[in-house]
Amino acid sequence: MKGIIFNLAEEVVSDAHGADAWDDLLDASGVDGVYTSLGNYPDDDLHRLIKAGAESFELPPYDVLRSIGTGAMPLLAERYPEFFEPHTSARSFTLTVNDIIHPEVRKLYPGADVPEFDFDETDPDDLVVTYHSARRLCGLAEGFIEGAAAHYGERAVLRQERCMHRGDECCVIHCVFSPA
Ligand code: HEM
């Protein structure tokens, strides 16, 4: 996993709970804790940090990951406005992740291992996003989608019809966006 993801997690946790909270998570999870944005680090570090966060904030790990995704979006929008500016809605933004955003991410962060989504656009009011990745970070994907909705002044109601954490082969996320 690229260091940028750890850097974003640090910023989100520190903004919400103070810089000491991040140091506490590093201590509790026993990870090295020095992450440069372009470096590559074990996926296990992220899983350990999420587990430590879940214990410390008394939340399910899924909620911790989701808040990191939601909190990271405004930071990404500030850093990479070019991905956000062509859109006026989270639906059209999300639909560019496979063809525009993540391919650019692979150029910016060589060696990045980004997921590929399947989109079912049949229902204009319900975007169906299918996610597969050995990392099983559907909470992060949901947080990113919710954060994108907030960016465009929308509310996202997400429902996971299938989830790898419940033994399914992939996660299937229904996304209904409405004005906030
Ligand atoms: C709705 C939009 C997006 C979704 C749903 C999404 C989803 C994800 C997920 C779930 C991962 C975790 C890797 C995995 O599952 O194997 C990931 C990785 C990543 N994404 Fe996205 N993403 C979105 C937009 C963005 C944007 C706007 C950026 C930044 C410009 C970005 C940059 C990255 C980076 C740097 C990684 C790490 C890759 C690695 O560590 O090798 N993503 N994304």
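Which strands does helix H8 (residues 138-151) lie across, and at about what angle does the helix run to S3? The tour returns to this point after a view of the whole chain. The model is predicted.

**The whole chain**

Begin with all 180 residues displayed as a trace. The C-alpha atoms fill a box of roughly 45 × 35 × 30 Å along the principal axes. The radius of gyration is 16 Å, which agrees with the value near 16 Å that a compact globule of 180 residues would have. Colour by burial next: buried residues account for 32% of the 180 residues. If contacts between residues at least 6 apart in sequence are drawn, 61% of them join residues at least 24 apart.

**Secondary structure**

Switch to a cartoon view, in which 8 helices and 4 strands can be located. Followed along the sequence, the pattern reads α-α-α-α-α-α-α-β-β-α-β-β.

**The sheet**

Select the 4 strands. They form an open sheet with antiparallel pairing, in the order S1-S2-S4-S3. Strand S1 (117-123) and strand S3 (154-162) stand at the edges; each has a single partner strand, so one side of each is left without a neighbour in the sheet. From one strand to the next, the twist averages 25 degrees.

Now restrict the selection to residues 126-131 and 171-179. These are strands S2 and S4, which pair in the antiparallel sense over 5 bridges. Within this pair, centre the view on Val129, which stands opposite Ile173 in S4.

**The helix across the sheet**

Add residues 138-151 to the selection. This is helix H8, and the opening question can now be answered: H8 lies across S2, S3 and S4, and runs at about 155 degrees to S3.

**The ligand and its shell**

Keep H8 in view and display the ligand. How many residues surround the ligand, and which are the closest? There are 25 of them, and the closest are Lys2, Ala112, Ser133, Ala141 and Phe144. Label these five positions before extending the selection to the rest of the shell.

Which helix gives the largest share of the shell? H8 does, with 5 residues. Select also helix H1 (3-17) and helix H7 (97-108): these two and H8 each supply at least two residues of the shell.

Finally, colour the shell by residue class. The colouring will show 19 nonpolar, 3 polar and 3 charged residues around the ligand. With the sheet and the ligand displayed together, H8 can be viewed in both roles: lying across S2, S3 and S4, and supplying the largest share of the shell around the ligand.

Note on methods
Residues are numbered from 1 along each chain as its sequence is written. This is a predicted model: local features need pLDDT of at least 70, side-chain atom pairs count only at pLDDT 80 or more; totals for chains, interfaces and linings use all residues. Two strands pair if DSSP finds at least two bridges between them. Axes are lines fitted to C-alpha atoms, for helices over the stretch in contact, and angles run from 0 to 180 degrees between N-to-C directions. Two residues are in contact if their C-beta atoms, placed from the backbone, lie within 7 Å. A residue is near a molecule or strand if its C-beta atom, placed from the backbone, lies within 6 Å of it. Ala, Val, Leu, Ile, Met, Phe, Trp, Tyr, Cys and Pro count as nonpolar, Asp, Glu, Lys and Arg as charged, and the others, Gly among them, as polar. The radius of gyration is taken over C-alpha atoms; the globule rule is 2.2 Å times the number of residues to the power 0.38. A residue is buried if 20 or more other C-beta atoms lie within 10 Å of its own, exposed if 12 or fewer, and partly exposed in between; C-beta atoms are placed from the backbone.
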